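Work through the exercises below with the model open. Each task is followed by a solution in steps.

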Amino acid sequence: MHDDTHTETDETRSEGTDRRPGRRRAHRPGSARGAASPPRPPWLYRLVRDRSGQSTTIGVALMLAVATIGVTAVVALGGTALTDTQDSADLQRTEHAMTLLDSRGAMTALGEADSQRVMLSGSGEGSYEVDDDTGWIRVEHVNYTDSNPPPVEILNRSLGSVRYTAGDTVIAYQGGGVWRTQDNGTVMVSPPEFHYRDQTLTMPLVRVAGSGSASGRIAAEVTPTTAGSDANRVYPNETTTYPNGNAYDNPVKNGTVVVTVHSEHYQGWASYFAERTEGDLTVDHAAQTASIELRTLAGAPGAFDMPSVGNSLGVPSVKQQHNVTTFDLSLAPEDKNNNQFQQLHWSLYDQGPNGQQFEIHFASNGRCKSGSFNNDISVSIYYRHNSSAPNEEWETTVDPEDTSQDLLRVDCSDSVPTLEVDLTDDEPMTYGDFSVPSSGSKWHFGSDIGDGDVPEELTFDQHAADPSDDYEEDDGDTEEVGFLVDHYFSRMGPDFDLTVEGGPGNSNNRIDESASSGVLWYDTVDGEEFIQFLHVTENEVRVELNG
C-alpha cells in the first residue's frame, strides 16, 4: 500500500499538480516530459480580441490618410493663395507704373517737359506692347446749320496705346487715361484728357505712336512728336471751315457735338462720360464704342448773333423759376443814314403747343437827328397760354433820350446808330388792351391780339416768385419788364424758340439782323448739359520699350 501511494503521488507531481489547494506548479521549459498546450480562451474573448486588433490598424491608417489629405490641401490652397497675392501685387505695381507713364506722357505731350523715362514693372507671365493703331476717337458736329446737313467730322484719329497683358487682364495707357479690363468689364485707373465744365469741352488729345513689345522689368522712353506751340490745334481754327464757309469758331452754334470712342476699354469710357457729363450717352457693345452727345445752345444762354427774319434763336432748358439774369439786344438799322428806325415794327415771337403764343414787339417812327433820337419807342408784350385762354397784354412807351430809364437807348454818336435794349430792366409796363393796326400785319400775332380781350383781373400765381396779386386793367396796374420776361419765359419753358419777325410781310424790315446781336443768360434745368465752347488739340508722344 505504501508503495502504491508513493507511486501515485510521484505520477501526480509529474503531471505538474500540487497537493496544496489552489496551486498549480508551473511547467519548467526543457522538462524531460515536454510542454502541454495552454487552455483555449473562451470564444467571446477571442472575438473581442480579434476585432480590437483590426480597429487599431484601420484607425491608424485613416489618421495617416486624413493627415496626408490635409497637408496636401494646405499646400495646394496656400500655393494658390500665394500665387493670387503675387499676381494682385504685380497688377497693382503695373497700375502705379502706368499712372506714372500717364502723368509723364501728358507733361511731355503738352510741352511741360522734355523726354521722360518711366520704369515699368511686371512679372514674367505678363508682357508690354506699344501699338499706335488701337482704338480711335471721333468728334462730330451734327446739324451745324438749320438745313440738317450731313455731320462734319471735326476730328477722327487713332488713339494708340501702351498695353500690359497678364492672363485675361489688360492694363492700358490710352487716350491720356489708364484703364484696367478683366472679366468683361473695365474700370478707370486714371482719367483721360477729357474735361467738361461750364459748357466748355476741352480735349487735349494725347495719341501714342510707336511699336514693339517686351516683358519683365523694362523702361519706357517717352518723347514728344508734337508739343506746346507745335501741337495741332483742331478747334477753334480760323483756317478750317464748315462746308457752308463758316470757320471753326466759338461759340459752337446749332445742332449737337458728338464724341465717340472705339476701344477695348469702351465700358470705362462710357462710365467716365456718364460721371462727368449729363449728355446723351450711347453704348454699342457689338462695336465696342461709347458716344456722348452734347447739345449746343444756338447762342443761348450766352452771346448770340441775331437770326435773320423767319429764323429762330433756340432757348432750351429754361429753369422755370424766374431765372433770366441777362437779356440784352443790340439792333442795327437797315437804313443806316436816312430813315434809320422810322416805321420800325420788329418782333421776337414763339408759337408753342396747344395754341400757346408769346411776342415781344418794338415799334418806332424816329431817327437820329442832330445827335439825338427824335421820337419815342414802344415795347409791347403779348401772351396767351392756349387757344381758349384770354390774352395777357402789357405795353410801355419810353423816350430813349430819357436818362432816368435804362430799358431803351439809341446811340446817335456813331456813324451807324444802334438801338440798345435791356429786357431785364425795372421799367414798368401797363396791363391792358393795346392797339394794333386793323390788319394786324405788323405783328406776328396781330389778328389774335386784335380779336381778343384781356380779362379785367389777371393773377400771377404759377411760380414761387409770383406775387399772387391781381392786376386790374381799370386801375392801370403795372409790372416791371424784367419780371414779365422772367414770368413768361418760365411759362413757355423749358424749351422754346424766339423767331424774328420784321414788319408787315417782311417787306418793311428796319433792322439789319446780320449786324445785330444779343446776350441771353438764364439758369438751366438741373441735369441738362450743353456745349458752347469747344477746344480740341492733337498731341502725340512716341513710346519705346527698353529692357
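**Exercise 1. Cis peptide bonds**

In which loop does Pro 236 lie? Then describe the peptide bond that precedes Pro 236, and treat Pro 494 in the same way.

Solution. Note that the model is predicted.
- Step 1. Pro 236 sits in the loop between β13 (232-235) and β14 (237-241).
- Step 2. Tyr 235 and Pro 236 are joined by a cis peptide bond, with omega about -5°.
- Step 3. From Gly 493 to Pro 494 the peptide bond is cis, and omega is near 10°.
- Step 4. Pro 494 belongs to the loop between α5 (481-492) and β34 (496-502).

**Exercise 2. Positive phi**

Take Asn 143 and Ser 317. Find phi, locate each residue, and decide on its exposure class.

Solution.
- Step 1. Asn 143 is not a glycine, yet its phi is positive, near 55°.
- Step 2. Asn 143 is found in the loop between β3 (136-142) and β4 (152-158).
- Step 3. The relative accessible area of Asn 143 is 29%. Partly exposed covers the range between 20% and 50%, so Asn 143 is partly exposed.
- Step 4. Ser 317 also has a positive phi near 55° and is a residue other than glycine.
- Step 5. The loop between β20 and β21 (324-331) holds Ser 317.
- Step 6. Ser 317 has a relative accessible area of 1%. The cut-off for buried is under 20%, so Ser 317 is buried.

**Exercise 3. The disulfide**

Which cysteines form a disulfide? Give the geometry of the link, and say where its two ends lie.

Solution.
- Step 1. A pair of cysteine sulfur atoms within 2.5 Å counts as a disulfide. The sulfur atoms of Cys 368 and Cys 412 are 2.0 Å apart, and these cysteines form a disulfide.
- Step 2. The count by this rule is one disulfide.
- Step 3. The angle about the S-S bond is -80°, and the link of Cys 368 and Cys 412 is left-handed.
- Step 4. Cys 368 is in strand β24 (residues 368-369), and Cys 412 is in the loop between β28 (408-411) and β29 (418-422). They are 44 residues apart, so the pair links distant parts of the chain.
- Step 5. Cys 368 counts as buried because its relative accessibility is 13%. Cys 412 counts as buried because its relative accessibility is 13%.

**Exercise 4. Empty space**

How many cavities of 30 Å³ or more does a search of the whole structure find? Describe the largest cavity and the largest pocket.

Solution.
- Step 1. The search finds one cavity of 30 Å³ or more. The volume of the largest cavity is about 40 Å³.
- Step 2. Its lining includes Ile 137, Phe 194, Met 203 and Trp 269. By class, six lining residues are nonpolar, one is polar and one is charged.
- Step 3. The largest pocket has about 580 Å³ of volume. It is lined by 25 residues; Tyr 144, Asn 246, Lys 253, Asn 254 and Asp 305 are the closest to its centre.
- Step 4. β19 (302-305) and β20 (312-315) are the elements that give two or more residues to this lining.
- Step 5. The pocket lining splits into 11 nonpolar, 10 polar and four charged residues.

**Exercise 5. The whole chain**

Summarise the chain by its elements, burial and contacts.

Solution.
- Step 1. Count five helices and 37 strands.
- Step 2. Of the 547 residues in the chain, 45% are buried.
- Step 3. Among contacts with a separation of 6 or more, 69% are between residues 24 or more positions apart.

Notes:
Residues are numbered from 1 along each chain as its sequence is written. This is a predicted model: local features need pLDDT of at least 70, side-chain atom pairs count only at pLDDT 80 or more; totals for chains, interfaces and linings use all residues. Side-chain values use heavy atoms; hydrogens and water are left out. On a 1 Å grid over the protein atoms alone, a cavity is a set of points where a 1.4 Å probe fits but cannot get out, and a pocket is an open set with protein on both sides within 12 Å along at least five of seven lines; lining residues have an atom within 4 Å of a point. Grid points are joined across faces, edges and corners, and a volume is the space filled by probe spheres set on the points. Ala, Val, Leu, Ile, Met, Phe, Trp, Tyr, Cys and Pro count as nonpolar, Asp, Glu, Lys and Arg as charged, and the others, Gly among them, as polar. Helices (H or I, at least four residues) and strands (E, at least two) are DSSP runs, numbered from the N terminus. Buried means under 20% relative accessible area, exposed over 50%, partly exposed in between (1.4 Å probe, protein chains only). Contact means heavy atoms within 4.5 Å.
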